[in-house]
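The exercises below are worked through one step at a time, with a task sentence followed by its solution. Please keep the model open beside the text while reading.

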Amino acid sequence: SSRQRDNRKYKMFFAVRVINKISFYKQCLVTLVVVCSLVLQPVNALEVVWAVNCGGEEHTDSHDIHYQADPLDVGSSSDYGRSLFIQRVSSQDQILYQTERYHASTFGYDIPISKDGNYVLVLKFSEVWFGAPNQKVFDIVLNGEHTIVSELDIFARVGRGVAHDEIVPFSVRSGKLHVNEETSHIDGSKISIEFIKGDLDNPKVNAIYVAKGTIDDVPQLPPILSPDAAEENDDEDEDSPSEKLQATRKPSGPRVKDPYASEDTSAMLLPVFAAIGAFIPLLYCLCKLQ
């Protein structure tokens, strides 16, 4: 009958409307996902061209930098630093400052550099043996000519069991190395980094990496608090759980800021809220057009 035909037409029309609505909301959902992914797109990762965990096995740190196992067979490798908790670094990065390579003579590594550009050399150290300054002092030379670190005394810089980084920017242009306003020729596609034997004990290094970019592009260690500032923090947070945990550890150097303190992540959610806020009016307008 005509009533049944009209009823079927109405049901078909209603089904088409439902399908269109579902398709519309799927499109809206996809659009929202795309907008959020664009807003929350991560910053480009650090481009590391070479990294080695000196005296240790391969390792990936908290910044997603992958260190190869130490290929060097001169001198000695040591993991004596495993007996210490290294301050200023997270648990994932401890091993980079606990293993080391040292030698009773000058030693070094060859760093492959195949392209022109700006680079940053990061040298990682921690003093895990000596408990006083002027016990281990040495120079570091780049490409056989440039003294990039002079008379490095790790304990004098940061104390015992504390992470220390030496960060050196340099550039490569047309077969020449430029560092500290000095220039030298590059032999082939490699530059050397040497740890020079001095009068006070043996030179050493814990880890090395080279990345493209500038100093602002590489991760920095947190600052070391002065003893007075550390005491003030102790007075303010005397009963906090983190202070009680620190009190159970043996001191291994100057007091430093807790590297595990949680950071305020509320600012990270602002782009999400902004994206959703911008999308709601768009969704409303699209619904009006349906």
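**Exercise 1.** In this predicted model, determine how many bridges join strand S1 to strand S15 and in which sense the two strands run.

*Solution.* Begin with the residue ranges, which are 48-53 for S1 and 207-212 for S15; four bridges join these strands, and they run antiparallel. As a residue-level check, take Val 48 and look across to S15, where its bridge partner is Ala 211. Next, turn to strand S3, residues 66-69, with which S1 pairs in the parallel sense over two bridges. Here the residue to follow is Asn 53, whose bridge partner in S3 is Ala 69. S1 is thus paired antiparallel with S15 and parallel with S3.

**Exercise 2.** State the strand order of the open sheet of three strands, and identify which strands are its edge strands.

*Solution.* The order of this open sheet is S4-S5-S14, and the pairing is antiparallel. Its edge strands are S4 (76-78) and S14 (204-205), because each of them pairs on one side only. For the pairing of S4 with S5 (residues 100-102), the model gives three bridges between strands that run antiparallel. Within that pairing, Ser 77 has Arg 101 in S5 as its bridge partner.

**Exercise 3.** Trace the pairing of S10, S11 and S12, and find which residues in the turns have a positive phi.

*Solution.* Start with S10 and S11, which run antiparallel and are joined by three bridges; in this pairing, Ser 171 stands opposite His 178 of S11. The two strands form a hairpin with two residues between them, and Ser 174 in the turn has a positive phi of about 50°. Continue to S12 (residues 182-185), which pairs with S11 in the antiparallel sense over four bridges, with Lys 176 standing opposite His 185 in S12. This second pair also forms a hairpin with two residues between the strands, and the turn residue with a positive phi of about 50° is Asn 180. Finally, consider the two faces of S11: Leu 177 and Val 179 make up the covered face, whereas Lys 176 and His 178 make up the uncovered one.

**Exercise 4.** Locate Asn 134 and Ser 174 in the chain, and decide whether each is buried or exposed.

*Solution.* Asn 134 lies in the loop between strand S7 (117-125) and strand S8 (137-142), and its phi is near 60°, a positive value in a residue other than glycine. Its relative accessible area is 52%, so with the cut-off for exposed set at over 50%, Asn 134 is exposed. Ser 174 is in the loop between S10 (164-173) and S11 (176-179), and it too is not a glycine although its phi is positive, about 50°. Its relative accessibility is 68%, and therefore Ser 174 also counts as exposed by that cut-off.

**Exercise 5.** Find which residues of the largest nonpolar core touch the most other members, and which strand gives the most to this core.

*Solution.* The largest nonpolar core has 32 residues, of which Leu 121, Phe 170, Ile 193, Phe 195 and Ile 208 touch the most other members. Looking next at the strands, S7 gives the most to this core, with four residues. Another core, of 18 residues, lies apart from it, and includes Ala 51, Ile 86, Val 122 and Val 218.

Definitions and conventions:
Residues numbered from 1 in each chain as written. Predicted model: local features only at pLDDT ≥ 70, side-chain atom pairs only at ≥ 80, totals over all residues. Heavy atoms only, no water. Buried < 20%, exposed > 50% of the residue type's maximum accessible area, 1.4 Å probe, protein only. Core = buried A, V, L, I, M, F, W, Y, C linked by side-chain atoms within 4.5 Å.
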